[in-house]
Amino acid sequence: MLVSAKEMLTKAKEGHYAVGQFNINNLEWTKAILLTAQELNSPVILGVSEGAGKYMCGYKTVVGMVNGMLEELNITVPVALHLDHGSYEGALKCIEAGFSSVMFDGSHYPIEENIEKTKALVALTTEKGLSLEAEVGSIGGEEDGVIGAGECADPNECKMIADLGVTMLAAGIGNIHGKYPANWPGLSFETLEVVQQKTGSMPLVLHGGTGIPEDMIKKAISLGVSKINVNTECQLSFAAATRKYIEEGKDQQGKGFDPRKLLAPGFEAIKATVKEKMELFGSVNKA
Ligand SMILES: [Zn+2]
């Protein structure tokens, strides 16, 4: 059964580790992440962007697929199904479809409007026992074709949003979605420290986990980050393994064209990436 992310993040915060959010795109992705979490006895958050939700034929399809897998694969570790960077309307749709967690990304609204909309969603998610992630200060990188620099959130605005009663808070600390440029100045730990001081025990979320050096990840966790989002890295490892299979001509040998064979190396590559991240984040055996 899907669970809210609240309990797993409270435990992560207390235990000084982080739970990974791994975004899903299809059946292979979902199965790879769930099986790895189970094998490593780790809690996990499955992230679904609005675009990926559309690609997978809508939120109801996603909920049906994930719930089916939890049962058929005997997944017993805590699993949250979470909307990633949701609009207000998208969050409502996911709640209705059966997601156990949603993110409302109101970072592009003026702070007053972000507060108003977040407040309405706090009421709804609290009533239904779901978790809610809010965002302050936009996270850089490429999102829907727009490339932005990593911005730092205003710690006072973070406190205003945290005080509304959200479950977890994503604050921009110079992090970027996608690959990091060679001249990236790194995470702003100064911002992270002030945000955590202002927000008390609020679990903080680090978006753009692909390519942040391991020592920075560990330092961010030590300063209060309890959830780390990984998306691009699984895509890169899936693509590289699939490319290798085709370039070696394996799809032309025997029944190598069978999708169950063709997609297997990419599936294994996602599993390896998820394992590496869970070990780095410290969530192994924390289910
Ligand atoms: Zn993000």
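## A covered strand to start with

Strand β11 is mostly covered, with six of its six residues buried. It makes a good doorway into this predicted model, as two other strands line up beside it.

One partner is β1: β1 and β11 pair in the parallel sense over four bridges, and within β11 the bridge partner of Gln 21 is Asn 229. The other is strand β10 (residues 204-206), which runs parallel to β11 and is joined to it by three bridges. Here Val 205 has Lys 227 of β11 as its bridge partner.

## The barrel

Where do these strands belong? They are part of a closed barrel of eight strands, running β1-β2-β3-β4-β5-β8-β10-β11 with parallel pairing. On average, neighbouring strands of this sheet are turned by 25° against each other, direction ignored.

Another stretch of the barrel shows the parallel sense again: β3 and strand β4 (residues 101-104) pair over three bridges. In β4, Ser 101 is the bridge partner of His 82. Helices also rest on the sheet. Helix α6 (residues 111-128) packs on it, touching β4 and β5 (131-136), and the direction of α6 makes about 165° with that of β5. Helix α12 packs on the sheet as well, where it touches β1 and β11 (225-230); the direction of α12 makes about 155° with that of β1.

## A closer look at helix α2

Helix α2 covers residues 27-40, which is 14 residues. At 1.5 Å a residue it should span 20 Å, and its end C-alpha atoms are indeed 20 Å apart, so the two agree. Just after α2, Asn 41 takes a positive phi of about 55°.

Which residues of α2 are buried? They are Trp 29, Thr 30, Ala 32, Ile 33, Leu 34, Thr 36 and Ala 37. As background, an α-helix has 3.6 residues a turn, so residues three or four places apart point the same way. The buried residues of α2 pack against β1 (19-23), β2 (44-49) and β3 (79-86), and also against the helices α4 (59-72), α10 (232-247) and α12 (264-281).

## The nonpolar core

Ile 33 of α2 turns up again in the largest nonpolar core, which has 69 residues. Ile 33, Leu 46, Val 102, Leu 169 and Ala 171 are those with the most contacts inside this core. In soluble globular proteins, nonpolar side chains tend to be buried together.

Take Ala 171 as an example. Not counting residues up to four places away in sequence, Ala 171 touches Val 136, Gly 137, Ala 153, Cys 158, Val 195 and Leu 204.

## A loop residue, Ser 188

Is Ser 188 buried or partly exposed? It is partly exposed, because 19 other C-beta atoms lie within 10 Å, while 20 or more would count as buried. Ser 188 is found in the loop between β9 (176-177) and α8 (189-199).

Leaving aside neighbours within four places in sequence, Ser 188 is in contact with Cys 152, Ile 173 and Gly 174. Ser 188 and Gly 172 are 16 residues apart in sequence, and their C-alpha atoms are 8.9 Å apart in space.

## The whole protein

Stepping back, the secondary structure comes to 12 helices and 11 strands. The radius of gyration is 18 Å, close to the 19 Å that the globule rule gives for 287 residues, so the protein is as compact as a globular protein of that length. Along the principal axes, its C-alpha atoms fill a box of roughly 60 × 45 × 35 Å.

Buried residues make up 46% of the 287 residues. Among contacts between residues at least 6 apart in sequence, 70% join residues at least 24 apart.

Terms used
Residues numbered from 1 in each chain as written. Predicted model: local features only at pLDDT ≥ 70, side-chain atom pairs only at ≥ 80, totals over all residues. Helix = DSSP H or I, 4+ residues; strand = E, 2+ residues; numbered from the N terminus. Expected span 1.5 Å × (residues − 1). Buried ≥ 20, exposed ≤ 12 C-beta atoms within 10 Å, placed from the backbone. Contact = placed C-beta atoms within 7 Å. Rg over C-alpha atoms; globule rule 2.2 N^0.38 Å. Core = buried A, V, L, I, M, F, W, Y, C linked by C-beta atoms within 7 Å. Pairing = 2+ DSSP bridges. Axes fitted to C-alpha atoms, helices over the stretch in contact; angles between N-to-C directions.
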